[in-house]
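Work through the exercises below with the sequence and the model side by side. Each task is followed by a solution that proceeds step by step.

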Amino acid sequence: MKNKSFLLFSLFFIFSLRLCFAQITPPNSSLISLQHFVTKQQINTYDSSFTDLHYIIGENINYLYPLYQLLGNGKKFMTDFSLPVYYDLLSQSVSFTGDYSAALEYQKMSDTTHLTDVEYRQIGKSIQQLKDIKNADAKRFITFIASNYKVIMLNEANNKPIHRAFAYSLLDVLYNRGFRYLAMEMLNPMPDHELTKLTYKTGHFATEPVAAELIRQALDLGYKLVAYQDIQGNNHTPTERDSIQALNIAKILKDDPEAKIFVYGSYGNIAENSISPDFIPMGMAFKRITGIDPLTIDQTDMTEESNFSFGKAFYDAYVEKFPLTIASIPLINDEPVNVTGTTLYDLTVIHPKTTYYFARPTWLALSNRRRPIAVKTKNQNIFLVQAYYQFESFGTKPGQVVPADQTYFSYGNGTYTLYLRRGLYILIFRDMQYKTLYTQHLEVN
């Protein structure tokens, strides 16, 4: 009987795996075309022996290469990592190409947990009990209280450039209030890093175009970039890693006691408390080491798709009852409240649902410093259109600089929408093999 049960379980497990593999259907026509290209037309587009994802090929950034790997060899990466991790990697990879809607769809696929009817009813009851809520403009509220803090910490989800767009909106106001250091978890901590200008050596996530704009703007304003990641993080426990991160930030204050620091981390990295007795996050460690109570601001819980199943359901219910048009902080009697009940952070930023203009998120306007530009093409083989700053491209290979924006969404007769600020650009038009078909100069007035 045991053997029969084991056999039935094994058959079910194998069938489930096959079903998962068969359901790797990309969420839009551009990705479906790319998957078909790497699996049917050009199967040697990527090196199938790689066991991890590659963005840098030789010394050049290739934004499509991780998609070749994930879409072309899904079975391998599902087996090596797990289904949730596989879809999380896809979510991050498409976000780099400017495809935010697919990033959200892949995040949905990565969440394999399901709430019960009881949990949904609990969420509904919690939302109904929220009385006298006022949703204040998050930027204005943070601006109002920023002068009371030496250290402000803000987090992000790695697959959601909307969080970087919000951080971008804070740079000017924080600089005007004396903040001169921008310490970022995403920056390359190794000796070969480049922190005085933006290159592919500035950091992995720094090559995502909105993150790149955040860094460019910080440098233009006069911020000093600080990489606080633990160089030996892979060899340390999570607590050791985050404690070293905290020490790296504390060193700024040791060297410059008057410093005011804007810290930009990811997920629970900035938390002031821990949800586990075995883990001390960086924010909590920093507070213990320095005695300074930072202002900690979470963005990950209350954004589309949230960061976990409960958060997603709570977010959906909240914005249904309280429709938002701007990033907001909930207040009761003019005091901030964490509506999810978390005690990990001081403030929760709630982002409105994204609106799109020709498949591009409108928050790509970055505080209205950029506007949508229609780029027309005539070559049917074009897949990806990228806009590079002309001043960054001189004397540098195109593959070693980061585009201001890029997209593979076209409409009409081969028209692509890019969000760009005033300036001179070099447009690069690439096919699915990432080959440059032609370039074009563009001036945005």
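Two strands pair if DSSP finds at least two bridges between them, strands (E, at least two residues) and helices (H or I, at least four) being DSSP runs numbered from the N terminus. This is a predicted model, in which local features need pLDDT of at least 70 and side-chain atom pairs count only at pLDDT 80 or more, while totals for chains, interfaces and linings use all residues. Residues are numbered from 1 along each chain as its sequence is written, and side-chain values use heavy atoms, with hydrogens and water left out.

**Exercise 1. Decide where the model can be read in detail.**

Begin with pLDDT, the predictor's confidence in each residue from 0 to 100: its mean over the protein is 92, and 95% of the residues reach 70 or more. Next, examine residues 1-23, where the pLDDT is below 50 and the stretch has six contacts beyond near neighbours in sequence. Where pLDDT is low, the predicted coordinates should not be read in detail.

**Exercise 2. Describe the sheet that contains strand 14, and find what stands opposite Arg 371.**

The sheet is open, with three strands in the order 14-18-17 and antiparallel pairing. Strand 14 and strand 17 (410-411) each have a single partner strand, so one side of each is left without a neighbour in the sheet. Strand 14 is joined to strand 18 (residues 415-420) by six bridges, and within strand 18 it is Leu 420 that stands opposite Arg 371.

**Exercise 3. Place Thr 377: is this residue buried or exposed?**

Thr 377 lies in the loop between strand 14 (371-376) and strand 15 (384-389). Its relative accessible area is 6%, so Thr 377 is buried, a term that means under 20%, with exposed over 50% and partly exposed in between (1.4 Å probe, protein chains only). Leaving aside neighbours within four places in sequence, Thr 377 has contacts (heavy atoms within 4.5 Å) with Ile 382, Asn 413, Gly 414, Tyr 416, Phe 429 and Tyr 438.

**Exercise 4. Characterise the lining of the largest pocket by class.**

Count Ala, Val, Leu, Ile, Met, Phe, Trp, Tyr, Cys and Pro as nonpolar, Asp, Glu, Lys and Arg as charged, and the others, Gly among them, as polar. On that basis the lining of the largest pocket (an open set of points on a 1 Å grid over the protein atoms alone, where a 1.4 Å probe fits, with protein on both sides within 12 Å along at least five of seven lines; lining residues have an atom within 4 Å of a point) has ten nonpolar, eight polar and three charged residues. Helix 9 (residues 161-176) gives the largest share of this lining, four residues.
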